[in-house]
Amino acid sequence: MDPESEGPPVITVTPLQQMFASCTGAILTSLMVTPFDVVKIRLQAQNNPFPKGKCFLYSNGLMDHLCVCEEEGNKAWYKKPGRFQGTLDAFLKIIRNEGIKSLWSGLPPTLVMAVPATVIYFTCYDQLTALLRSKLGENESCVPIVAGIVARLGAVTVISPLELIRTKMQSKKFSYEELHRFVSKKVSEDGWISLWRGWAPTILRDVPFSAMYWYNYEVLKKWLCAKSGLYEPTFMISFTSGALSGSFAAVATLPFDVVKTQKQTQLWIYESQKISMPLQMSTWTIMKNIVAKNGFSGLFTGLIPRLIKIAPACAVMISTYEFGKSFFQKQNAQRQQY
């Protein structure tokens with residue numbers, strides 16, 4: 001018997017239950033992947049270009065050095081700090097110089113934004129999927145793509161200011177007082193819209209990621225269920241489908257993640273050192289500069305920590321979400337019997 005053609009009656013899950021189901025995974029994944037996010041951002045941030053003819057503090061995320069680049073003679077006393085040579089090197093240097101707690105830099109805003117972002121994202125995706133399938137049919141392949149794009153667009157727009165703050169906290173070690181001064185100054189000078197800096201490259205990264213992720217997830221889940229003769233995915237089917245689809249989407253969208261990090265970290269560098277901001281460069285211009293300076297591989301800086309972060313994060317997030325929905329479905333089914 002074909003699992004897709006016949007099966008038990010579908011027990012619906014309410015939007016509120018979907019919200020609760022997504023919360024646990026959001027907290028677990030935030031605690032688990034933050035160290036890899038810190039390493040990824042440090043690796044990407046060290047490639048930020050600096051303006052010439054100015055005094056500034058050069059920071060590689062571990063230590064600061066005063067530098068003057070106006071004249072060749074001034075470079076004699078300046079010794080550029082050692083760069084991270086890779087993922088493991090970054091882990092060891094951060095732990096040795098800043099302590100192991102630094103691997104969880106930015107965890108508070110990560111937790112603050114993870115729960116609402118995940119609730120908005122997963123609930124909107126499921127609601128949009130149900131709506132589109134009722135209009136277009138159950139087997140319409142474009143449904144997860146459209147629902148994933150719209151859901152992610154909404155979630156990114158709502159959470160973007162917190163994403164900016166989190167990136168700053170992870171790209172360089174500094175106090176909450178410095179962060180407050182930076183945000184207050186930026187808002188007073190450029191308005192609240194400045195908190196959405198990096199929104200465009202975030203959209204360019206997250207929206208294609210979401211489309212690819214949900215499409216591949218639904219395809220893999222359906223295929224694994226059919227192979228196992230199941231109507232509903234088990235925990236392991238959801239876990240495997242989430243890990244594989246997340247890994248593929250992470251690799252494909254990494255260049256936009258590199259651009260997003262550079263755009264957001266350069267804002268802190270220029271503003272904190274009172275350096276005039278250069279004209280805003282487009283995403284494509286930054287990409288061309290990265291390729292010119294570091295080669296094509298520069299667009300894939302931080303690939304290993306991103307994969308180490310994304311694969312288990314997607315797996316844990318989607319499997320706990322599906323498990324939560326399954327729990328509420330059973331509860332709803334029991335209520336219907338009485």
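Two residues are in contact when heavy atoms of theirs lie within 4.5 Å of each other. In this predicted model, Ile318 touches Phe122, Tyr213, Trp214, Tyr217, Ser238 and Gly242, leaving aside residues up to four places away in sequence.

**Nonpolar core**

Ile318 is also among the residues with the most contacts inside the largest nonpolar core, together with Tyr121, Phe122, Phe209, Tyr213 and Trp214. That core has 20 residues. At least two of its residues come from each of α3 (107–136), α4 (143–171), α6 (199–228), α7 (235–272) and α9 (303–337). Helix α9 gives the largest share, six residues. In soluble globular proteins, nonpolar side chains tend to be buried together.

**Aromatic rings**

Several of these names return in the ring pairs: a cluster is linked from Tyr121, Phe122, Tyr125, Phe209, Tyr213, Trp214, Tyr217 and Tyr321. The ring of Tyr121 also has a charge over it, as the charged end of Arg152 sits 4.6 Å from the ring centre.

The count of aromatic pairs comes to 13. Two of them are set out below by centre distance and plane angle.

| Pair | Centre to centre | Angle between planes | Geometry |
|---|---|---|---|
| Phe256 and Trp284 | 6.0 Å | 80° | edge-to-face |
| Phe296 and Phe300 | 5.5 Å | 50° | tilted |

Why is the pair of Phe256 and Trp284 edge-to-face? The planes of the two rings stand at 80°, and an angle over 60 degrees counts as edge-to-face. Phe256 belongs to helix α7 and Trp284 to helix α8 (residues 283–294), so this pair ties together parts that are 28 residues apart in sequence. Phe256 has a relative accessible area of 15% and is therefore buried, whereas Trp284, at 52%, counts as exposed.

In the tilted pair, Phe296 has 57% relative accessibility and counts as exposed. Its partner Phe300, at 24%, counts as partly exposed; the partly exposed class runs between the 20% limit for buried and the 50% limit for exposed.

**Cysteines**

How many disulfides does a search of the whole structure find? The result is zero. Cys225 is buried, with a relative accessible area of 7%. Cys314 is buried as well, with a value of 12%. Both figures fall under the 20% cut-off.

Conventions. Residues are numbered from 1 along each chain as its sequence is written. This is a predicted model: local features need pLDDT of at least 70, side-chain atom pairs count only at pLDDT 80 or more; totals for chains, interfaces and linings use all residues. Side-chain values use heavy atoms; hydrogens and water are left out. A nonpolar core is a set of buried Ala, Val, Leu, Ile, Met, Phe, Trp, Tyr and Cys residues joined through side-chain atoms within 4.5 Å. Buried means under 20% relative accessible area, exposed over 50%, partly exposed in between (1.4 Å probe, protein chains only). Helices (H or I, at least four residues) and strands (E, at least two) are DSSP runs, numbered from the N terminus. Rings of Phe, Tyr and Trp (its six-membered ring) pair if their centres lie within 6.5 Å; planes under 30 degrees apart count as stacked, over 60 as edge-to-face and the rest as tilted. A charge sits over a ring if NZ of Lys or CZ of Arg is within 6 Å of the ring centre and within 35 degrees of the ring normal. A disulfide is a pair of cysteine sulfur atoms within 2.5 Å.
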